Amino acid sequence: MNLLNFVAQYPDEASCRVKFKEYRDQQGVVCPHCGGTSHYWKHDKESYECKKCGKRQSLRANTVMHGSQLPFRYWFIAIHLLISTKKSFSAAEFQRQLGHNRYEPIWTLLHKLREVMGRRDEIYSLSGVIELDEGFFQQKPLMMKRKNH
Ligand SMILES: [Zn+2]
């Protein structure tokens with residue numbers, strides 16, 4: 001996917017959020033409390049509610065975006081850059097390009113994506129055409145345990 005296609009497909013925050021929810025629904029949402037796999041979608045709360053235990057999780061919970069306040073679109077743009085350029089760029093540069101005022105959350109965003117990407121290197125090197133793919137958004141059940149640091 002080139003930059004023009006990307007911008008056309010993800011012109012705004014809403015389109016990214018819709019796509020992200022699509023990814024999550026495709027993969028199946030798992031309840032971190034009881035392991036339930038059936039959920040109601042609570043539109044007003046932007047979260048999933050487990051049909052079994054009633055606990056809620058936000059759209060971003062237990063994914064690479066867990067706990068992030070940054071726009072979905074930032075994540076999409078970063079993923080696009082990471083897989084399309086195959087070159088490293090600094091968090092400072094990315095922050096500048098986004099016009100975002102704080103460095104730390106941008107650094108965290110890139111760090112988390114690179115972590116996910118590192119685990120997927122083999123897959124990437126095997127596939128010819130790389131697109132924004134759902135691999136980045138797979139649920140990370142272990143993340144709950146690592147939340148403390
Ligand atoms: Zn549950």
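**Exercise 1.** Leaving aside neighbours within four places in sequence, which residues is alanine 78 in contact with?

*Solution.* The model is a predicted one.
Step 1. Set aside the residues within four places of alanine 78 in sequence; the contacts that remain are Phe94, Leu109, Leu110 and Leu113.
Step 2. Place alanine 78 in its surroundings. Ala78 belongs to the largest nonpolar core, which has 17 residues, and together with Trp75 and Phe76 it touches the most other members.
Step 3. Ask which helices supply this core. At least two residues come from each of α2, α3 and α5 (104-119). The most come from α3, which gives 7 residues.

**Exercise 2.** List the helices and strands of the protein, and state their order from the N terminus on.

*Solution.*
Step 1. Count the elements: there are 6 helices and 3 strands.
Step 2. Read them from the N terminus on: the order is α-α-β-β-β-α-α-α-α.
Step 3. Add two overall values. The protein has 149 residues, and 21% of them count as buried. Among contacts between residues at least 6 apart in sequence, 52% join residues at least 24 apart.

**Exercise 3.** Describe the sheet: in which order do the strands stand, and is the pairing parallel or antiparallel?

*Solution.*
Step 1. Recall how strands pair. Strands of a sheet are joined through backbone hydrogen bonds, in a parallel or an antiparallel way.
Step 2. Take the first pair. Strand β1, residues 39-42, pairs with strand β2, residues 47-50, over 4 bridges in the antiparallel sense. Across this pair, lysine 42 is opposite serine 47 of β2.
Step 3. Take the second pair. Here β2 and β3 are joined over 3 bridges, again in the antiparallel sense. Tyrosine 48 is opposite glutamine 57 of β3.
Step 4. Put the pairs together: the 3 strands form an open sheet, ordered β1-β2-β3, with antiparallel pairing. The edges are held by β1 and β3 (56-58); each has a single partner strand, so one side of each lacks a neighbour in the sheet. From one strand to the next the twist averages 25°.

**Exercise 4.** Find the side of helix α2 on which its buried residues lie.

*Solution.*
Step 1. Locate the helix. α2 covers residues 13-27, which is 15 residues. From first C-alpha to last it reaches 21 Å, close to the 21 Å expected at 1.5 Å a residue.
Step 2. Pick out the buried residues of α2: Cys16, Phe20 and Arg24. These cover an arc of only 70° around the axis, so they are on the same side of α2.
Step 3. Look at the opposite face. The face turned away from the buried side carries the exposed residues Ala14, Val18, Glu22, Asp25 and Gln26.
Step 4. Name the packing partner: the buried residues of α2 pack against α3.
Step 5. Check what comes next in the chain. Glycine 28 follows α2 and has a positive phi, near 90°.

**Exercise 5.** Glutamate 46 and asparagine 62 each have a positive phi. State where each is located, and decide whether each counts as buried or partly exposed.

*Solution.*
Step 1. Recall the usual case: most residues other than glycine have a negative phi.
Step 2. Treat glutamate 46. Its phi is near 50°, and it is found in the loop between β1 and β2. The hairpin of these strands has 4 residues between them. Glutamate 46 counts as partly exposed, because it has 13 C-beta neighbours inside 10 Å.
Step 3. Treat asparagine 62. Its phi is near 65°, and it lies in the loop between β3 and α3 (72-85). Asparagine 62 counts as buried, because it has 21 C-beta neighbours inside 10 Å.

**Exercise 6.** Describe the surroundings of threonine 37: is it buried or exposed, and which residues does it touch, not counting those up to four places away in sequence?

*Solution.*
Step 1. Locate the residue: threonine 37 is in the loop between α2 and β1.
Step 2. Count its neighbours. Threonine 37 has 12 C-beta neighbours inside 10 Å and therefore counts as exposed.
Step 3. List its contacts: with residues up to four places away left out, threonine 37 touches Gly28 and Val30.
Step 4. Compare sequence and space for one pair. Threonine 37 and lysine 52 are 15 residues apart in sequence, and their C-alpha atoms are 8.5 Å apart in space.

How values were computed
Residues are numbered from 1 along each chain as its sequence is written. This is a predicted model: local features need pLDDT of at least 70, side-chain atom pairs count only at pLDDT 80 or more; totals for chains, interfaces and linings use all residues. Two strands pair if DSSP finds at least two bridges between them. Axes are lines fitted to C-alpha atoms, for helices over the stretch in contact, and angles run from 0 to 180 degrees between N-to-C directions. A residue is buried if 20 or more other C-beta atoms lie within 10 Å of its own, exposed if 12 or fewer, and partly exposed in between; C-beta atoms are placed from the backbone. Two residues are in contact if their C-beta atoms, placed from the backbone, lie within 7 Å. The expected span of a helix is 1.5 Å times one less than its number of residues. The arc is that of the directions from the helix axis to the C-beta atoms. A nonpolar core is a set of buried Ala, Val, Leu, Ile, Met, Phe, Trp, Tyr and Cys residues joined through C-beta atoms within 7 Å.
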